[in-house]
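Thanks for making time this morning; I would like to walk through one chain with you, starting from a single residue and widening out from there. Please have the sequence and the model open while I talk.

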Amino acid sequence: QVQLVESGGGLVQAGGSLRLSCVVFGRTSSRYVMGWFRQAPGKEREFVATMNWSGGSTYYADSVKGRFTISRDDAKSTAYLQMNSLKPEDTAVYYCAAGTQYTSRSEYDYWGRGTQVTVSL
């Protein structure tokens with residue numbers, strides 16, 4: 001059984017930074033493509049970033065490009081999302097996902113429960 005557990009969310013002022021972590025339990029994260037998604041109140045879940053198996057390829061949503069960075073440490077079975085220059089519109093529940101498809105679609109096999117990120121003015 002594979003489980004993903006996110007952490008690192010919280011309340012931050014606009015312009016600030018947060019780093020989200022996602023630990024993969026049950027299997028090493030090196031087996032998976034890792035992705036981050038988010039869902040704001042009243043909106044559908046949307047893609048944020050993804051990283052392929054080797055970590056050599058990444059892809060970002062236009063809304064976060066240049067501000068967010070996805071990374072992974074497979075020795076720790078952990079994926080990260082470094083979020084800089086945060087904006088109020090980044091407020092959402094952030095979800096980690098693991099799968100076998102390098103994609104921005106929600107075609108991931110495993111999902112975490114999410115961590116809340118709130119950005120204030």
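Let me begin with Arg-67, which counts as buried because its relative accessibility is 11%, where buried means under 20% relative accessible area, exposed means over 50%, and partly exposed is in between, with a 1.4 Å probe and protein chains only. Before going further I should say that this is a predicted model, in which local features need pLDDT of at least 70 and side-chain atom pairs count only at pLDDT 80 or more, while totals for chains, interfaces and linings use all residues. Residues are numbered from 1 along each chain as its sequence is written, and side-chain values use heavy atoms, with hydrogens and water left out.

Arg-67 lies in the loop between β6 (58-60) and β7 (68-73), and here strands are DSSP runs of E with at least two residues, helices are runs of H or I with at least four, and both are numbered from the N terminus. Which residues does Arg-67 contact, leaving aside its neighbours within four places in sequence? They are Gln-82, Met-83, Asn-84, Ser-85, Leu-86, Lys-87 and Asp-90, contact meaning heavy atoms within 4.5 Å.

One of those partners, Ser-85, is placed in the loop between β8 and β9, and its phi is near 50°, a positive value in a residue other than glycine. Ser-85 counts as partly exposed, at 40% relative accessibility. A positive phi of about 50° is also found at Ser-77, again not a glycine, which sits in the loop between β7 and β8 (78-83); Ser-77, however, is buried, with a relative accessible area of 13%.

Met-83 brings us to Leu-18, since the two are 65 residues apart in sequence and yet 5.2 Å apart in space, C-alpha to C-alpha. Leu-18 has its place in strand β3 and counts as buried, at 15% relative accessibility. Not counting residues up to four places away in sequence, Leu-18 touches Gly-8, Gly-9, Gly-10, Val-12, Leu-81, Gln-82, Met-83, Leu-86 and Val-117.

Now to the covalent link. In general, a disulfide is a covalent bond between the sulfur atoms of two cysteines. How many disulfides does the chain have by the rule used here, which asks for a pair of cysteine sulfur atoms within 2.5 Å? The count comes to 1, formed by Cys-22 and Cys-96, whose sulfur atoms are 2.0 Å apart. Cys-22 lies in strand β3 (residues 18-25) and Cys-96 in strand β9 (residues 92-99), so the pair ties together parts that are 74 residues apart in sequence. The link of Cys-22 and Cys-96 is left-handed, with -75° about the S-S bond. Cys-22 is buried, at 0% relative accessibility, and Cys-96 is likewise buried, with a relative accessible area of 0%.

From Cys-96 we can step to Tyr-110, which is 14 residues away in sequence and 8.4 Å away in space, C-alpha to C-alpha. Tyr-110 is found in strand β10 (residues 110-111) and counts as partly exposed, at 27% relative accessibility. Setting aside residues up to four places away in sequence, Tyr-110 touches Val-2, Leu-4, Tyr-32, Cys-96, Ala-97 and Ala-98.

Returning to β7, that strand holds Ser-71, which counts as partly exposed, at 29% relative accessibility. The C-alpha atoms of Ser-71 and Gly-55 are separated by 7.1 Å, although these residues are 16 apart along the chain. Beyond residues up to four places away in sequence, Ser-71 touches Met-51, Ala-79 and Tyr-80.

Finally, the chain as a whole. The chain has 0 helices and 11 strands. Its radius of gyration is 13 Å, close to the 14 Å that the globule rule gives for 121 residues, so the chain is as compact as a globular protein of that length; the radius is taken over C-alpha atoms, and the rule is 2.2 Å times the number of residues to the power 0.38. The C-alpha atoms fill a box of roughly 40 × 25 × 25 Å along the principal axes, and 45% of the 121 residues count as buried. Among contacts between residues at least 6 apart in sequence, 56% join residues at least 24 apart.

Technical notes
Disulfide = S-S within 2.5 Å.
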